[in-house]
Amino acid sequence: MKALLSTATGGPETLTLGELPRPTAGKGQIVIDVKACAVNFPDTLIIEDKYQFRPERPFAPGGEVAGVVAEVGEGVTQFKVGDRVIAGCGNGGMAEAVAVGVHNVYHLPESHSFAEGASLLMTYGTSIHALVDRGRIQEGDTLLVLGASGGVGIAAVELGKALGARVVAGVSSEEKAQIAREAGADEVVVYGYQPFDKDASKALANQFKEAVGPDGANIVYDAVGGDYCEPALRSIAWEGRYLVVGFPAGIPRLPLNLTLLKSCDVAGVFWGAFVMREPERNRAHIARLFRLWDRGKISPRVTGTYALEDGGKAIAKLGDRSAVGKLVVTL
């Protein structure tokens with residue numbers, strides 16, 4: 001079968017279209033004929049051997065897919081051949097077919113496209129776990145979202161609004177600001193590009209403080225990291241929750257004295273591990289996402305589609321932070 005392959009450690013330019021053996025369904029697995037595979041930031045890391053796990057090469061990147069069940073393994077009763085599904089697969093999604101365990105597979109209604117379906121699990125799954133489990137979000141909270149025009153950022157904005165929060169979006173351009181407003185952000189802060197000296201860092205902190213208001217942000221959702229971390233932390237409320245989601249701008253050094261002064265929590269968000277450790281809680285979250293989707297409270301924003309052989313171009317756009325919304329490889 002055709003697949004976009006990582007054959008050597010490196011960036012998106014190292015990916016090549018090639019062939020892999022077609023998978024078969026083992027016990028507790030199904031094989032999905034892939035129709036769409038969303039592109040996510042972990043795809044930029046896994047091909048450079050910078051992710052939490054390193055698949056044996058050659059492998060195809062792509063951690064979430066939508067498609068049609070082609071084969072059902074032993075012990076699987078909840079899916080049948082021909083079902084439309086979405087699934088988290090870790091890697092292997094940028095291929096004509098992928099075998100997955102059924103613990104993170106869900107039926108995709110006919111009312112939603114494969115491209116939209118492929119864009120739900122990782123971003124919205126991460127964000128609902130972050131806000132509900134790690135951020136303990138409450139109606140009336142003020143939520144500051146960094147990187148609010150990317151996949152997880154848009155999901156956090158939409159879910160924050162759906163869960164009753166006032167949402168302040170942080171983005172790096174006016175174009176991205178419009179995306180955040182369309183997702184429901186109440187306020188938008190447009191920040192410059194790092195590195196920041198002391199004065200620039202203080203100025204950004206003041207921007208955040210003005211936007212979140214005098215009581216501060218009850219939750220900071222940081223999907224950016226880098227020099228944006230400290231200014232955001234300075235805008236947090238007393239007993240606020242700082243959610244560590246990702247580091248496309250680099251891993252920051254957190255000034256712990258600020259956490260003491262604000263009596264705030266710093267909470268890591270590792271959705272993939274949560275899925276494996278708490279599968280039933282995760283399934284309840286995904287069911288809630290489907291209900292919100294059906295009510296129009298959330299809606300995956302697919303802003304670009306790519307052929308399989310061009311999947312590296314989509315990954316490159318995430319790597320240089322020029323992407324907005326969700327990019328999807330379609331087959």
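Are Phe196 and Tyr228 buried or exposed? In this predicted model, Phe196 is buried, and Tyr228 is buried as well. The points below follow these two residues and other aromatic rings of the chain, where a pair of rings is described by the distance of the centres and the angle of the planes.

**Aromatic pairs**

- Counting rings whose centres lie within 6.5 Å, one arrives at 5 aromatic pairs.
- The ring centres of Phe196 and Tyr228 are 5.2 Å apart and their planes meet at 85 degrees, and because planes over 60 degrees apart count as edge-to-face, this pair is given that name.
- This pair links distant parts of the chain, since Phe196 belongs to the loop between strand E10 (187–190) and helix H6 (198–212), while Tyr228 belongs to the loop between strand E11 (217–222) and helix H7 (229–233), 32 residues apart.
- For Phe290 and Trp293 the centres are 5.9 Å apart and the planes are at 35 degrees, so the pair is tilted.
- Both Phe290 and Trp293 lie in helix H10 (residues 279–294), where they are 3 residues apart, or about one turn of the helix, and both of them are buried.

**Cluster and charge**

- One aromatic cluster is formed by Tyr191, Phe196, Phe208 and Tyr228.
- Arg84 lies over the face of Phe114, at 4.5 Å from the ring centre.

**Annotated domain**

- An unreviewed UniProt entry places the feature "domain: Enoyl reductase (ER)" at residues 10–329.
- Over residues 10–329 the chain is 33% helix and 25% strand, and the C-alpha atoms at the two ends are 20 Å apart.

Methods: Residues are numbered from 1 along each chain as its sequence is written. This is a predicted model: local features need pLDDT of at least 70, side-chain atom pairs count only at pLDDT 80 or more; totals for chains, interfaces and linings use all residues. Side-chain values use heavy atoms; hydrogens and water are left out. Rings of Phe, Tyr and Trp (its six-membered ring) pair if their centres lie within 6.5 Å; planes under 30 degrees apart count as stacked, over 60 as edge-to-face and the rest as tilted. Helices (H or I, at least four residues) and strands (E, at least two) are DSSP runs, numbered from the N terminus. Buried means under 20% relative accessible area, exposed over 50%, partly exposed in between (1.4 Å probe, protein chains only). A charge sits over a ring if NZ of Lys or CZ of Arg is within 6 Å of the ring centre and within 35 degrees of the ring normal. UniProt positions are given in the numbering used here, feature names are shortened, and annotations may be inferred rather than shown by experiment.
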